[in-house]
Amino acid sequence: MSQPLSREDAWSLFCEWTESASLRKHVLAVEAAMRAYAPRFGGDEEEWGLVGMLHDLDYERYPDAETGHPRMGMAELERQGFTPEFVRAVASHADFLGVSRETPMEKALYAVDELSGFIMACAYVRPTGIHGLGPKSVKKKMKTPAFAAAIDRDALRSGAEDLGVDFDEHLTTVIAALEAHSAELDLDGAEAA
């Protein structure tokens, strides 16, 4: 499916809206995970990747859940000519909007969004970064409430369940997707520096 913006143009748009290096890395991680899942569910890799990249388009400018994110981003995506399905997928990642997750793309975005951030946090505290990180280590960190405390552990598990993927397999898939982009995401660890 052809998108109104190329990946390069979508990235330029995101960067116009977002200065935060950490938020930029987050959406690149979500993009990588979405691209990894697209073939498994018969999805268009480009579309899924762009949904991952653009889902937090407005988060820095309009972080307020009551009036801002992701509504302002959705309006911009509509102006850019993205399909209603694309915009709905962005809406579905925000539980507080009450948009049910129906399609595999919507379920995948929810499943990889917070998990990508959690896996990155796990990688940041390891000397080898993401290299050698496995599901067992991630699950061990999930049992430490103070570690990446803002991330809802139940949502990590329910995202995989709703997607219909075994949790260990889900962790393996997302870790591999992020590891493939480890340099870009600064996940190579202190030993690589």
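This section describes the largest pocket of the structure and the setting of His 26. The model is predicted.

The largest pocket has a volume of about 760 Å³. Its lining comprises 31 residues. Closest to the pocket centre are His 26, Asp 56, Tyr 59, Asp 113 and Glu 114. By class, the lining of this pocket holds 19 nonpolar, 6 polar and 6 charged residues.

Helices contribute to this lining. At least two lining residues come from each of α2 (21-37), α6 (104-124) and α8 (153-163). The most are given by α6, which supplies 10 residues.

His 26, one of the residues closest to the centre of the largest pocket, belongs to helix α2. The relative accessible area of His 26 is 14%. This value is under 20%, so His 26 counts as buried.

Beyond its neighbours within four places in sequence, His 26 is in contact with His 55, Asp 56, Asp 113, Gly 117 and Met 120. Two of these partners, Asp 56 and Asp 113, are also listed among the residues closest to the pocket centre. With Asp 56, the link involves side chains: a polar contact of 3.4 Å joins that of His 26 to that of Asp 56.

Sequence separation and spatial separation can also be set side by side for His 26 and Leu 115. The two residues are 89 residues apart in sequence. In space, their C-alpha atoms are 10 Å apart.

Conventions. Residues are numbered from 1 along each chain as its sequence is written. This is a predicted model: local features need pLDDT of at least 70, side-chain atom pairs count only at pLDDT 80 or more; totals for chains, interfaces and linings use all residues. Side-chain values use heavy atoms; hydrogens and water are left out. On a 1 Å grid over the protein atoms alone, a cavity is a set of points where a 1.4 Å probe fits but cannot get out, and a pocket is an open set with protein on both sides within 12 Å along at least five of seven lines; lining residues have an atom within 4 Å of a point. Grid points are joined across faces, edges and corners, and a volume is the space filled by probe spheres set on the points. Helices (H or I, at least four residues) and strands (E, at least two) are DSSP runs, numbered from the N terminus. Ala, Val, Leu, Ile, Met, Phe, Trp, Tyr, Cys and Pro count as nonpolar, Asp, Glu, Lys and Arg as charged, and the others, Gly among them, as polar. Buried means under 20% relative accessible area, exposed over 50%, partly exposed in between (1.4 Å probe, protein chains only). Contact means heavy atoms within 4.5 Å. A polar contact is a pair of N or O atoms within 3.5 Å; within protein, one must be able to donate a hydrogen and the other to accept it, and residues adjacent in sequence count only if both atoms are side-chain atoms.
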